[in-house]
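Student: I have a protein model open on my screen and I'd like a close look at one part of it. Could you walk me through the places where the ligands sit, and then the bits of chain around them?

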Amino acid sequence: MRNNTYDVVIIGAGPVGENVADHIVQGGLSAAIVERELVGGECSYWACMPTKALLRSGSALRAARQVAGAREAVTGSLDAAAVLARRDSFASHWKDDGQVSWLDSAGITLVRGQGRISGEQTVEVTGADGAVISLTARHAVVVATGSGALLPDIAGLRESKPWTSREAAAAESVPARLVIIGGGVVATEMATAWSSLGSAVTVLALHGVLHLAEPFAGEHVVKSLEEAGASVRVGAEAASVERNADGTVRITLTDGEQLDADELLVAIGRTPNTQDIGLDAVGLKAGGWLTVDDTLRVIDEGGAPVGGGWLYAAGDVNRRALVTHQGKYQARAVGDVIVARAKGEPVEDAPWGRHVATADERAVPQVVFTDPEVASVGLTAAAADAAGLRTRVIDYNLAAISGSALHAEGYRGHARMVVDEDRRVIVGFTLVGPDVAELIHAATIAVVGEVPIDRLWHAVPAFPTVSEIWLRLLEAYGR
Ligand SMILES: Cc1cc2nc3c(=O)[nH]c(=O)nc-3n(C[C@H](O)[C@H](O)[C@H](O)COP(=O)(O)OP(=O)(O)OC[C@H]3O[C@@H](n4cnc5c(N)ncnc54)[C@H](O)[C@@H]3O)c2cc1C
Ligand SMILES: NC(=O)c1ccc[n+]([C@@H]2O[C@H](COP(=O)([O-])OP(=O)(O)OC[C@H]3O[C@@H](n4cnc5c(N)ncnc54)[C@H](O)[C@@H]3O)[C@@H](O)[C@H]2O)c1
């Protein structure tokens, strides 16, 4: 008989659950992880990895076309079949053997099935054959069940079987016409990818494009999408959807206009995977985001740890920051704090301590892999204002840097630095331009390290790199 008691039980083996389990085992405790689909989660098979693989070939082609000499060497368009095949390999052909071997090698027990909290420190797992096993956790249960695509209430939408981010990431052929509802990260990345693969793309961006980013980000992305042949309709709203007998989709807008497409992608945000995880067993409502304290323990409406403190939540499901790297950061804090509490060791829960995810509030980096890329960290100017900070905002044309001109002819881009004037530290940084993704970590270090502006003058960017934007921004700020 299998011993079903572990120090920690984790529900969900996405990137976050896997990292929690790793830290638990590294800390000398035992861990069982429950997964109902593929070990590796959304990120590995239907999100980060396949979508970035879809985008990379188009980005490489554009880069070559922007440099004389290389331009002459690339004469055709993307080989869609080769791009999709490369994507398939980055999605591990939707098989999780590699990640299962890693769990094995790390000493983590995998239990396949749907996990549900069934009582205090217990999780019931229903396997594909309907058999139920009960797991007991000596110290903690961690919910890392992630999120799924949200669908709006539009007449006929569900029946018309639209693409969600999953189908957009895993499609096996290129739709001739693709309509996208949404103007956020998924919408813009997928518009960029499928447009580069030959789809005629129409984006219905009800509230604008990348509207939570600095305004110039959306402006640059729209310009490029339109130059690539896509149509971006800001303010356009779908009223009803119908899948015709020939397989095409008809989208009727609120003003009566009708659009026909081969596929419709809905990308309007996420919903937490908490509908069927037994939240009622701990007095919480099914289907909601899980609210957590600084050490990622689930708390109730009054702010008290649920069940006295054995239940934790990390990753998308707590809604703090819906990106893989930040969920994995939370996972490191959760894993380590559970170990510390289990061993009676001190909990380092002051801001920036080992056991808290302080950066979630002040320094979340994100790269949107559109054309051009949008890389940001911390607060936008508007968010800093809303937070009541006294700020100074410095803007600079990224194309005016020698490194940018060398990088690509016709380089277009923009940078913004948001400085907290009371502390003279950077609280927000946004870069828009080709290949700016790799530049953002310097800004993340400046924000997290609260590096004084005066000291930043001594961080000299190499010539002629695009990083000279740092010097230009400092010069514009003044000494
Ligand atoms: C199209 C797209 C592209 C993205 N691109 C990026 C990117 O480039 N970079 C980035 O940082 N982020 C990206 N993200 C966000 C990223 O995918 C998520 O932030 C990340 O996957 C969250 O990890 P997680 O472990 O919390 O959840 P998930 O990856 O969703 O994993 C949760 C796991 O839990 C399992 N599960 C759920 N409920 C149960 C249950 N009851 N029992 C057992 N198992 C269960 C699921 O099957 C899943 O395997 C993207 C998202 C989308 C939609
Ligand atoms: N590169 C990355 O880091 C990356 C890539 C893809 C997704 N993600 C993550 O996945 C999450 C989900 O992405 P997303 O694009 O679905 O969400 P999002 O929150 O980025 O954007 C949602 C968009 O849908 C629009 N919208 C909302 N309700 C609507 C409605 N009823 N009708 C029409 N439009 C509506 C919003 O105005 C917004 O433009 C994001 O939080 C993001 O962090 C990250």
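Tutor: Here is a walk that starts at the ligands and moves out along the chain.

Keep in mind that this is a predicted model. Let's begin with ligand 1. It has 36 residues around it, and the closest are Gly12, Gly14, Gly41, Gly146 and Gly315. Sorted by class, that shell holds 14 nonpolar, 16 polar and six charged residues. Several pieces of the chain each give at least two residues to the shell: the helices α1 (15-26), α2 (41-45), α3 (48-65), α6 (165-170) and α9 (324-343), plus the strands β2 (31-35) and β4 (114-119).

Now zoom out to the domains. The assignment splits the chain into domain 1 (2-45 + 91-148 + 271-359), domain 2 (158-268) and domain 3 (372-477). Domain 1 and domain 2 each put at least three residues into the shell around ligand 1. As for domain 3, its C-alpha centre lies 35 Å from that of domain 1.

One of the elements we just met, α6, is home to glutamate 167. Glutamate 167 has 16 C-beta neighbours inside 10 Å, so it counts as partly exposed. Try finding alanine 47 too: it is 120 residues from glutamate 167 in sequence, yet their C-alpha atoms are 10.0 Å apart in space.

Next, ligand 2. Its shell has 22 residues, with Gly182, Gly183, Gly184, Val186 and His207 coming nearest. By class, you get 13 nonpolar, seven polar and two charged residues. Both α7 and β17 (365-368) give at least two residues to this shell. The largest share comes from α7, with four residues.

From α7 (185-196) we can hop to α8, since the buried residues of α8 pack against α7. Those buried residues are Ala217, Gly218, His220, Val221, Val222, Ser224 and Leu225. They also pack against four strands: β10 (231-234), β18 (373-378), β20 (414-420) and β21 (425-433). Want a quick check on the helix itself? Helix α8 (residues 215-227) has 13 residues, so at 1.5 Å a residue it should span 18 Å, and its end C-alpha atoms are 19 Å apart, which agrees. (The multiplication uses one less than the number of residues.) After α8 comes glycine 229, with a positive phi near 105 degrees.

We also met β17 and β18 on the way, and the loop between them holds proline 372. Aspartate 371 is joined to proline 372 by a cis peptide bond, with omega at about -5 degrees. There is another cis peptide bond between phenylalanine 463 and proline 464, again with omega about -5 degrees. Proline 464 sits in the loop between α14 (453-456) and α15 (469-477).

While we're looking at α14, check the loop between α13 (440-448) and α14, where glutamate 450 lies. Glutamate 450 is not a glycine, but its phi is positive, about 45 degrees. It counts as partly exposed because it has 15 C-beta neighbours inside 10 Å.

Leucine 296 has a positive phi as well, near 70 degrees, and isn't a glycine either. You'll find leucine 296 in the loop between β15 and β16. It has 29 other C-beta atoms within 10 Å, so it is buried. Aspartate 276 is in the loop between β15 (270-272) and β16 (311-313) too, but aspartate 276 counts as partly exposed because it has 14 C-beta neighbours inside 10 Å. Setting aside neighbours within four places in sequence, aspartate 276 is in contact with Gln114 and Arg116. Measure across from aspartate 276 to glycine 307 on your screen: they are 31 residues apart in sequence, and their C-alpha atoms are 19 Å apart.

Last stop, the inside. In soluble globular proteins, nonpolar side chains tend to be buried together. Here the largest nonpolar core has 143 residues, and the members touching the most others are Val8, Ile10, Ala31, Val142 and Ile180. Take alanine 31 as your example. Leaving out residues up to four places away in sequence, alanine 31 touches Tyr6, Asp7, Val8, Ile10, Ala21, Ile24, Val25, Ile108 and Thr109. Click through that list and you'll meet two other names from the core, Val8 and Ile10.

How values were computed. Residues are numbered from 1 along each chain as its sequence is written. Chains are lettered from A and ligands numbered from 1 in the order in which they are written. This is a predicted model: local features need pLDDT of at least 70, side-chain atom pairs count only at pLDDT 80 or more; totals for chains, interfaces and linings use all residues. A nonpolar core is a set of buried Ala, Val, Leu, Ile, Met, Phe, Trp, Tyr and Cys residues joined through C-beta atoms within 7 Å. A residue is buried if 20 or more other C-beta atoms lie within 10 Å of its own, exposed if 12 or fewer, and partly exposed in between; C-beta atoms are placed from the backbone. Two residues are in contact if their C-beta atoms, placed from the backbone, lie within 7 Å. A residue is near a molecule or strand if its C-beta atom, placed from the backbone, lies within 6 Å of it. Ala, Val, Leu, Ile, Met, Phe, Trp, Tyr, Cys and Pro count as nonpolar, Asp, Glu, Lys and Arg as charged, and the others, Gly among them, as polar. Domain bounds come from an automatic or database domain assignment.
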